[in-house]
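Good morning, colleagues. Please look at the structure on the screen while I go through its ligand site and one pair of charged side chains.

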Amino acid sequence: MKIAIIGVGSVGSAVATAVKNTGLVHEMVLFDRDGVRARAAAEDLGHAATFGFDVKISAVNNYRGIRGSDIVIISAGANQKPGETRTDLLQKNAEVIRDIVPKVMANVDPKRVILILVTNPLDVMVMLAQSLSKLPPSRVIGTGTMLDSARLRTILSRQLSVSPQSIHSYVLGEHGDSSVIDWSSVTVGGLSLDDFCRQTKNPLTAATRSTIEYRVHNAAYEIIRGRGATWDGIGAAVSDLLRSIVNDEHRILTVSTVTGTGSHVLAMSLPRVVGASGVIATLNPKMSSAEANALRRSGRIIQKNFSHL
Ligand code: NAD
């Protein structure tokens, strides 16, 4: 398994580290328009690799070097500065995707390659990359709300004193400010959230739920304020997504892919089954009418942003 990572800043490096530690790939090539940065990252990661799984890591200084890649991860582009929203990155990162995707497609096998998008604003970049690459939507996958869902699970785990492994909970819609917490589909140890709270005598009041929503929606802003950018969480999310693809695990992940055609085209996160061929199926989660309305609103925001390109 050979993978390429395009854009080796904070996120690309964290992705490379997390993927390297899975032992799932035998070769990883790194490309960045800043060649010095890519070479330095490859050196550092190569040294780290001597302590773990055998993976060949190298920097390439042109797109021919990504030939033979099964999966290409795109993590290039501007990140949010303190106070900036993901949507503020729209025009400059669209230029980055327009630059990268045709060059990637000229050097990979379109019959089997899978593109993983990380660049923000994520859902719009997925739509743009899918239309530029002309790949089937099932093979252009954005990390979507995987990270938001992980943040929700972490917060719920602390609140309920239960391992995150025993909690199924999804954040849906835009990977951005309009994302929606699907409270109706949360299960803890197979019980609905309400049942679990009743049995453990640990009620989750409306005020606590809205504090949790606030914390999920603001997690990235707080991390960016504190350490300048976010990278570890997304590195782990990409590596988890990659694992489901490489091992054909058919896990259900909240990733973003394009659905619909014409004026109905949209990429946003829903629970989707992910395996070796990419996204295999999409689920319609249980939602209240308020949650379904919020999800439709989130979709409209993504479509509006896409229309500005
Ligand atoms: P960064 O500034 O540290 O790194 C970006 C890298 O992209 C730089 O090394 C730059 O040289 C490279 N680059 C820019 N344009 C390029 C091009 N045309 N070709 C090749 N390389 C190019 O930024 P970062 O913190 O690593 O963030 C990268 C992206 O990931 C941002 O858009 C950020 O918002 C996004 N991000 C997404 C998530 C998510 O959940 N999807 C989470 C965190 C960050």
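**A pair within a helix**

R98 and E95 lie about one helical turn apart, because they are 3 residues apart in helix α3; helices here are DSSP runs of H or I with at least four residues, numbered from the N terminus. Their side chains form a salt bridge, at 2.6 Å from N to O. That term means a side-chain nitrogen of Lys or Arg within 4 Å of a carboxyl oxygen of Asp or Glu. By this rule the count is 12 salt bridges.

I should state that the model is predicted: local features need pLDDT of at least 70, side-chain atom pairs count only at pLDDT 80 or more, and totals for chains, interfaces and linings use all residues. Residues are numbered from 1 along each chain as its sequence is written, and side-chain values use heavy atoms, with hydrogens and water left out.

Let me turn to the ligand. It is surrounded by 27 residues, each having a heavy atom within 4 Å of it. The closest are V11, D32, R37, A78 and D99. Helix α3 gives the most to this shell, with 4 residues.

Which atoms of D32 and A78 approach oxygen atoms of the ligand? For D32 it is a polar side-chain atom, 2.5 Å away; for A78 it is a backbone N or O atom, at 2.7 Å. On the nitrogen side, a ligand nitrogen is 3.3 Å from a side-chain N or O atom of T143. These are polar contacts, that is, pairs of N or O atoms within 3.5 Å.

Notes:
Polar contact = N/O pair within 3.5 Å; in protein donor to acceptor, adjacent residues only side chain to side chain. Helix = DSSP H or I, 4+ residues; strand = E, 2+ residues; numbered from the N terminus.
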